[in-house]
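Hello,

Here is the structure I promised to pass on to you. Please open it alongside this email, and my notes on it follow below.

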Amino acid sequence: MKNTWGTERLIALFKCLMAAYLITGALLLAVAGLLYKFSLGENVVDISIIVIYCISSLLAGLFFSKGAASRRFIWGMAAGAAYFAIICAVSIFADPVFTPVSNSCITTLLICLGSGMLGGMLG
């Protein structure tokens, strides 16, 4: 059975998200190592996590928009939204009292959307 265009885009999104989460995992391990070695403060760790979200969303948007003929920024934003949705789902599963409608969660959404969109524009 031949893949349709929609199925191909979903597979491409899945691959991009897998790459983004592998990058996220590697960068979080690096931050954990630095935290262990240098006893970094909470502010440094919080900023590092935000930077990791930016990098991963940007790369997901960049990779996902490569297959699009036009409006790549929208495809990049879609990749950032999917990246955030998985972060949010894992957070809800890991912490039952997680509040998805909070300032930090909305800020993270905007960071992921903006970074994904930028990645799409660069792609």
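The buried residues of helix 4 pack against two neighbours, helix 2 (42–65) and helix 3. Please keep in mind that this is a predicted model.

Which residues of helix 4 are the buried ones? They are Cys105, Thr108, Ile111, Cys112, Ser115, Gly116, Gly119 and Gly120. If you look down the axis of helix 4, these residues fall within an arc of 160°, so they line one face of the helix. On the other side of helix 4 you will find Asn103, Leu110 and Met121, which are exposed.

The length of helix 4 can be checked too. With 20 residues at 1.5 Å a residue, helix 4 should span 28 Å, and its end C-alpha atoms are indeed 28 Å apart, so the two values agree.

Next, two serines of helix 2 are worth finding in the viewer. Ser57 is located in helix 2, and its relative accessible area is 0%, so this residue counts as buried. Leaving aside residues up to four places away in sequence, Ser57 touches Tyr83, Cys112, Ser115 and Gly116. Among these contacts, Cys112, Ser115 and Gly116 are also on the list of buried residues of helix 4. You can look for Tyr21 as well: Ser57 and Tyr21 are 36 residues apart along the chain, and their C-alpha atoms are separated by 9.4 Å.

The other serine is Ser65, also found in helix 2. Is Ser65 buried or exposed? Its relative accessibility is 0%, and a residue under 20% counts as buried, so Ser65 is buried. With residues up to four places away in sequence again not counted, Ser65 touches Arg72, Trp75, Gly76, Gly119, Gly120 and Gly123. Of those, Gly119 and Gly120 are among the buried residues of helix 4.

Finally, have a look at the surface. Phe73, Ile74, Leu118, Met121 and Leu122 form a nonpolar patch there, and together they have about 470 Å² of accessible area. Helix 3 (72–94) and helix 4 (103–122) are the elements that give two or more residues to this patch. Which of them gives the largest share? That is helix 4, with three residues. One member of the patch, Leu122, lies in helix 4. Leu122 has a relative accessibility of 57%, and the cut-off for exposed is over 50%, so Leu122 counts as exposed. Met121, another member of the patch, is one of the exposed residues on the other side of helix 4.

Enjoy exploring it, and all the best!

How values were computed. Residues numbered from 1 in each chain as written. Predicted model: local features only at pLDDT ≥ 70, side-chain atom pairs only at ≥ 80, totals over all residues. Heavy atoms only, no water. Patch = residues over 30% accessible without salt bridge, like charges linked within 9 Å, V, L, I, M, F, W, Y side chains within 5 Å. Areas by Shrake-Rupley, 256 points an atom, 1.4 Å probe, with all protein chains shown as cover. Salt bridge = Lys/Arg side-chain N within 4 Å of Asp/Glu carboxyl O. Helix = DSSP H or I, 4+ residues; strand = E, 2+ residues; numbered from the N terminus. Buried < 20%, exposed > 50% of the residue type's maximum accessible area, 1.4 Å probe, protein only. Expected span 1.5 Å × (residues − 1). Arc of directions from axis to C-beta. Contact = heavy atoms within 4.5 Å.
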